[in-house]
Amino acid sequence: MATLTTRERDRRATQYVTGGAAVLAIIATLVVHRQLLSSNPLAFWLPSVAGLAYGSLLWGLGSRRNSKWLSNLTMAGWLVIFWVLLGTKVVSGPAWFIAVMIGAIAVTAAFPKKPQPPTVQKRPLADIGPWSGSGVAAATATYTAWKRTLPGITIATGDRSAVFPVESLAAFFDGELGTAESASGPSTFLTRVGVAAPDSIVGEVTAGLADGTLVLLDVAGDNTSVVATFTPADAAAFEQWVRTIPED
């Protein structure tokens, strides 16, 4: 049996928890509507079936395509139709409300987002040398969290250096995280231009840089500044280097 990484175990645990939430929601809606089911089952099943189809199809499609407008449409229809059904009292508004949630939760549990299959083979730590480029130097390291020694990467620029968890950097490059944060040393973040809103602090300090540019940020109290900017070639090389490092 293949050994799962920490991220893979976390993803699987989240999938189980999400699936359990969907089951609990089904039980809850049946309990809440037990009287309606005996007196007027059609008033329960019509909005429930419609809500399940609406929530699972639209929410699932929006998640698959990373479409904000589809996700927003799902939320808007969920709430608007709920209030319309409550006002008209033709069928059960709460049945629609809970069914849409169940559909969205169920499709999320059944078809979780997965990173692209790795194209770079992991290498033994002893065989991995340091990396440098764009004024940044990186090397394998360790850090301590919850009395555990975990694999990390020291990223240094100038006279400052910070250790990032390998797991966080791998999740960042897989698109699971928008920003990777240092685990020890000065508060440092690795992110891409365009992830943060233009009117945010990060958006303001990276204004003028091309979207997608890999940047290293120093966060000292209320002050945030760019300490390094990776060229496209160095960003790709750094990502490839990170992907060779075992996460556990």
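This briefing describes the overall form of one protein model and then a selection of its residues. The model is predicted, and the protein averages a pLDDT of 88. It contains 8 helices and 8 strands. With a radius of gyration of 23 Å, well over the 18 Å that the globule rule gives for 248 residues, the protein is more spread out than a compact globule.

**Confidence**

- A pLDDT of at least 70 is reached by 96% of the residues.
- Among the elements of the protein, the lowest mean pLDDT, 85, belongs to helix H1 (residues 6-32).
- The highest mean among the elements, 95, belongs to strand E1 (residues 131-133).
- Where pLDDT is low, predicted coordinates should not be read in detail.

**Overall form and surface**

- Taken along the principal axes, the box filled by the C-alpha atoms is roughly 75 × 50 × 30 Å.
- Of the 248 residues, 37% count as buried.
- The accessible surface comes to about 14400 Å², and carbon and sulfur atoms account for 63% of this area.
- Of the contacts between residues at least 6 apart in sequence, 49% join residues at least 24 apart.
- The protein carries 18 positive and 17 negative side chains, and the centres of these two sets lie 13 Å apart.

**Helix H6, an enclosed element**

- Helix H6 spans residues 166-173, and 6 of its 8 residues are buried, so the helix is largely enclosed by the rest of the structure.
- The buried residues of H6 are Val166, Leu169, Ala170, Ala171, Phe172 and Phe173.
- Gly175 follows H6 and has a positive phi, near 85°.

**The loop between strands E2 and E3**

- Trp146 is found in the loop between strand E2 (136-145) and strand E3 (148-157), and Lys147 is found in this loop as well.
- Trp146 has a phi near 55°, a positive value in a residue other than glycine.
- Lys147 is likewise not a glycine, and its phi is positive at about 65°.
- Trp146 has a relative accessibility of 84%, which is over 50%, so it counts as exposed.
- Lys147 also counts as exposed, with a relative accessibility of 84%.

**Ala228, a buried strand residue**

- Ala228 lies in strand E8, which covers residues 223-229.
- The relative accessibility of Ala228 is 6%, under the 20% limit, and the residue therefore counts as buried.
- Leaving out residues up to four places away in sequence, Ala228 touches Ser134, Val136, Thr157, Leu214, Val215 and Leu216.
- One of these partners, Val215, is 13 residues from Ala228 in sequence, and their C-alpha atoms are 5.8 Å apart.

**Two residues of helix H3**

- Ser56 is found in helix H3 (residues 41-64), and Arg64 is found in H3 too.
- Ser56 counts as partly exposed, with a relative accessibility of 23%.
- Arg64 counts as exposed, with a relative accessibility of 55%.
- Not counting neighbours within four places in sequence, Ser56 is in contact with Leu61, Gly103, Ala104 and Val107.
- Ser56 is 18 residues from Thr74 in sequence, and the C-alpha atoms of the pair are 9.6 Å apart.
- With neighbours within four places in sequence set aside, Arg64 is in contact with Phe111 and Pro112.
- Arg64 and Pro112 are separated by 48 residues in sequence and by 9.1 Å from C-alpha to C-alpha.

**Leu73 in helix H4**

- Leu73 is found in helix H4, which covers residues 68-88.
- The relative accessible area of Leu73 is 38%, and the residue is partly exposed.
- Apart from neighbours within four places in sequence, Leu73 is in contact with Tyr54 and Leu58.
- Leu73 and Thr5 are 68 residues apart in sequence, and 35 Å separates their C-alpha atoms.

Notes. Residues are numbered from 1 along each chain as its sequence is written. This is a predicted model: local features need pLDDT of at least 70, side-chain atom pairs count only at pLDDT 80 or more; totals for chains, interfaces and linings use all residues. Side-chain values use heavy atoms; hydrogens and water are left out. pLDDT is the predictor's confidence in each residue, from 0 to 100. Helices (H or I, at least four residues) and strands (E, at least two) are DSSP runs, numbered from the N terminus. The radius of gyration is taken over C-alpha atoms; the globule rule is 2.2 Å times the number of residues to the power 0.38. Buried means under 20% relative accessible area, exposed over 50%, partly exposed in between (1.4 Å probe, protein chains only). Contact means heavy atoms within 4.5 Å. Accessible areas come from the Shrake-Rupley method with a 1.4 Å probe; for residues, only the protein chains shown count as cover. Lys and Arg count as positive and Asp and Glu as negative; His and the chain ends are not counted. The place of a charge is taken as NZ of Lys, CZ of Arg, CG of Asp or CD of Glu.
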